[in-house]
Amino acid sequence: MIRRRAIVHGMVQGVGFRYSARREAERLGLAGWVRNRADGTVEAEVEGDERSVAAMLDWFAQGPPGAVVRDLDVEERDPIEERGFRVTD
């Protein structure tokens with residue numbers, strides 16, 4: 001079990017990024033959360049098996065249709081055994 005924090009830069013707000021991310025995380029069986037930040041980025045933490053987390057980070061690097069991802073910052077976090085994936089404000 002691993003956990004990663006991601007900050008997604010680019011045109012990533014107003015394009016359905018958070019809700020698409022939740023669908024993808026649920027499809028991959030991941031826990032965590034995603035939210036918009038005041039600086040125009042999207043922040044997320046995802047937790048699960050290494051392969052699924054890596055797939056989610058790859059998804060973040062592309063985003064949903066309509067998004068333009070310019071950069072992705074990733075940091076390691078300690079797993080907290082979170083359940084479910086939510087969109088927060």
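Let's start with Arg-5, which sits in strand 1, the stretch covering residues 2-11. Strands here are DSSP runs of type E with at least two residues, helices are runs of H or I with at least four, and both are numbered from the N terminus. Before going on, note that this is a predicted model, where local features need pLDDT of at least 70, side-chain atom pairs count only at pLDDT 80 or more, and totals for chains, interfaces and linings use all residues. Residues are numbered from 1 along each chain as its sequence is written, and side-chain values use heavy atoms, with hydrogens and water left out.

Back to Arg-5. Its relative accessibility is 15%, so it counts as buried (buried means under 20% relative accessible area, exposed means over 50%, and partly exposed is in between, using a 1.4 Å probe and protein chains only). What does the side chain of Arg-5 make a polar contact with? The partner is the side chain of Glu-43, at 2.8 Å. A polar contact is a pair of N or O atoms within 3.5 Å; within protein, one must be able to donate a hydrogen and the other to accept it, and residues adjacent in sequence count only if both atoms are side-chain atoms. Setting aside neighbours within four places in sequence, Arg-5 is also in contact (heavy atoms within 4.5 Å) with several other residues, including Arg-37, Ala-44, Asp-73 and Arg-77.

Asp-73 is a good place to hop to from there. This residue belongs to strand 4, residues 68-77, and is partly exposed at a relative accessible area of 34%. Beyond its neighbours within four places in sequence, Asp-73 is in contact with Arg-5, Ala-6, Ile-7 and His-9. With His-9 there is a side-chain to side-chain polar contact of 2.7 Å. Gly-16, on the other hand, is 57 residues from Asp-73 in sequence, and the two C-alpha atoms are 20 Å apart.

Strand 1 has another arginine to look at, Arg-3. Is Arg-3 buried or exposed? With a relative accessibility of 2%, Arg-3 counts as buried. Leaving out neighbours within four places in sequence, its contacts include Trp-33, Val-46, Glu-47, Asp-78 and Ile-80. Its side chain also joins that of Glu-82 through a polar contact of 2.7 Å. If you follow the chain from Arg-3 to Glu-50, you cover 47 residues, yet their C-alpha atoms are separated by 8.6 Å.

Glu-47 just came up as a contact of Arg-3, and it has a story of its own. You'll find Glu-47 in strand 3, residues 42-48, where it is buried with a relative accessible area of 2%. Not counting residues up to four places away in sequence, Glu-47 touches Met-1, Leu-30, Val-53 and Pro-79, among others. Its side chain also reaches toward the backbone: a polar atom there lies 2.8 Å from the backbone nitrogen of Glu-81, and the side chain reaches the backbone nitrogen of Glu-82 at 3.4 Å.

Now for Glu-81 itself, in the loop between strand 4 and strand 5. Unlike a buried residue, Glu-81 is exposed, with a relative accessible area of 61%. Its phi is near 55°, a positive value in a residue other than glycine.

Glu-82 also leads us to Arg-86, as a polar contact of 2.4 Å joins their side chains. Arg-86 is in strand 5, residues 85-88, and is partly exposed at 41% relative accessible area. Apart from neighbours within four places in sequence, Arg-86 is in contact with Gly-32, Trp-33 and Val-34. Ala-21 is 65 residues away from Arg-86 along the chain, with 9.5 Å between their C-alpha atoms.

Ala-21 brings us to the helices, as one of the helix 1 residues that meet helix 2. Two packed helices are described by the angle between their axes and the distance between the axes. Here helix 1 (residues 17-28) and helix 2 (residues 50-62) pack at about 155°, with axes 10 Å apart. That makes helix 1 roughly antiparallel to helix 2. (Axes are lines fitted to C-alpha atoms, for helices over the stretch in contact, and angles run from 0 to 180 degrees between N-to-C directions; under 35 degrees counts as roughly parallel, over 145 as roughly antiparallel, 65 to 115 as roughly perpendicular and the rest as oblique.) On the helix 1 side, Phe-17 and Leu-28 are among the residues involved, and helix 2 brings residues including Met-56 and Trp-59.
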